[in-house]
Structures are given as C-alpha cells and as structure tokens.
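Thanks for coming. I have one short item today, on charged side chains, so let me put the structure up.

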Amino acid sequence: HYLEETERQLQKAKADEISAYWEGFRAQNKTKRAEADVHLQAIEEQAIEEHHEEFLRFQRYAFLMLTLMIFEARAKELCNYVRDDKKLPRSIGNPRHNKLKNLKSYLCSYGKVLDEKWRIWQELQNLQSVRNQIAHQGGSCTKEDADNKFKPLLRKGLRVERDFGGLALKLDLGFCRYAVSTVAFFFEEAG
C-alpha cells in the first residue's frame, strides 16, 4: 500500500509541477507565441520530467535500503529467538561484513533450523548485491556487473540503463514488490 500511494503521489506531483509551469509560462507570454518559445517549453517540460524520474529512482533506492534494514533487524530477532529456544551459548552478534552469510551460517550450521540449500538464500543474496551497489556506488555499475551480477534480477523489475557517467541500476515498482515479498516469504517460512 505504501508503494502504491507513494507512486500515485509522485505522479500527481509531477503533473501538478508541469501544469503550474505551463500556466506561469502562458501568463508571461500571452503576446509572444514564437517557435523558440515552444521549443523552450518542451525543454523545460523535459527537465521537469527528468527531475521527477531522478527523484523516483532515489525514492525506490531508499525503499529497498529500508526494506533490507528491516530484514536485518528482524533476522537478528529471529536469531535471538532461536538462541533462547535452543539454549545456544552464543548469539549472532553484530557482524560488520557479509551479514547474510553470517545469518545463513547461524541459522543453518549453528542453530540447525534452516536448510543451507534453501532457494531463498540466493534471492536474498541478489537483493543484497543490489543494496551494496546502491550503497557503495550510488547505483552505478559496470557492463561486467550488469552482465554477471544483476542479470538474474532483470526479469524481476531491475533494469540497467545508460546514465550520466555510464550504467545505472533502475528499480521499478515490481522490483520493490519483489524485495518485500522475498523478505516476507523468508519470515513466513523461517518462522
């Protein structure tokens, strides 16, 4: 629901901004209707659209980051529950690097509650790769990364498109839903 409402509000804001620009432009130029003015209007409208596309891109990046932060926090709670329930001597702790690998190791090898071959681990690793690319590279990627690391996610709503300085990851609404449903599936099954 949050995603759908945000998307709707962003589209409305873009339409309102374009409409306000046109009204202001018409008020200033009632007497002038030269071809150059029409061209300038088109350029300004394109700039507004690009601004909103860029905002939407970063809004979706932020949504994915938040989703995975929630996943990490809830996964740590799950590990604490497993520790308490099985009376294990140590907790998962607070790993700085490769949190997903540590989570998998804790729940599969140490806690023996999940299967290491469970397909969801790869799905979560794919999401983690996108998260890392956004966090550490601002969403920019190389052709090699696009072909190797992100190819499995292209059918999930991830796109790799030309950007200012090269290639950049673009998430669509479907990809954000995929991220949420993957996390939800993990907790439904693991719980």
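I count a salt bridge when a side-chain nitrogen of Lys or Arg lies within 4 Å of a carboxyl oxygen of Asp or Glu. Please keep in mind that this is a predicted model. Searching the whole structure with that criterion gives 8 salt bridges. As background, side chains of opposite charge can pair when their charged atoms come close. I will go through three of the pairs.

The first one I want to show is R74 with E77. Their closest N and O atoms are 3.0 Å apart, which is inside the 4 Å cut-off. Both residues sit in helix α2, which covers residues 35-86. Because they are 3 residues apart there, about one helical turn separates R74 from E77. As for exposure, R74 has a relative accessible area of 44% and is partly exposed. E77 is also at 44%, and counts as partly exposed.

Next, D147 and K143. Here the closest N and O atoms are 3.1 Å apart. This pair belongs to helix α5, residues 143-148, with a spacing of 4 residues, about one turn of the helix. D147 is partly exposed, at 38% relative accessible area. K143, at 53%, is exposed, since the cut-off for that class is over 50%.

Last, R159 and E161. The closest N and O atoms of this salt bridge are 2.7 Å apart. R159 has a relative accessibility of 37%, so it counts as partly exposed. E161 is partly exposed as well, with a value of 29%.

That is what I had; questions are welcome.

Definitions and conventions
Residues are numbered from 1 along each chain as its sequence is written. This is a predicted model: local features need pLDDT of at least 70, side-chain atom pairs count only at pLDDT 80 or more; totals for chains, interfaces and linings use all residues. Side-chain values use heavy atoms; hydrogens and water are left out. Helices (H or I, at least four residues) and strands (E, at least two) are DSSP runs, numbered from the N terminus. Buried means under 20% relative accessible area, exposed over 50%, partly exposed in between (1.4 Å probe, protein chains only).
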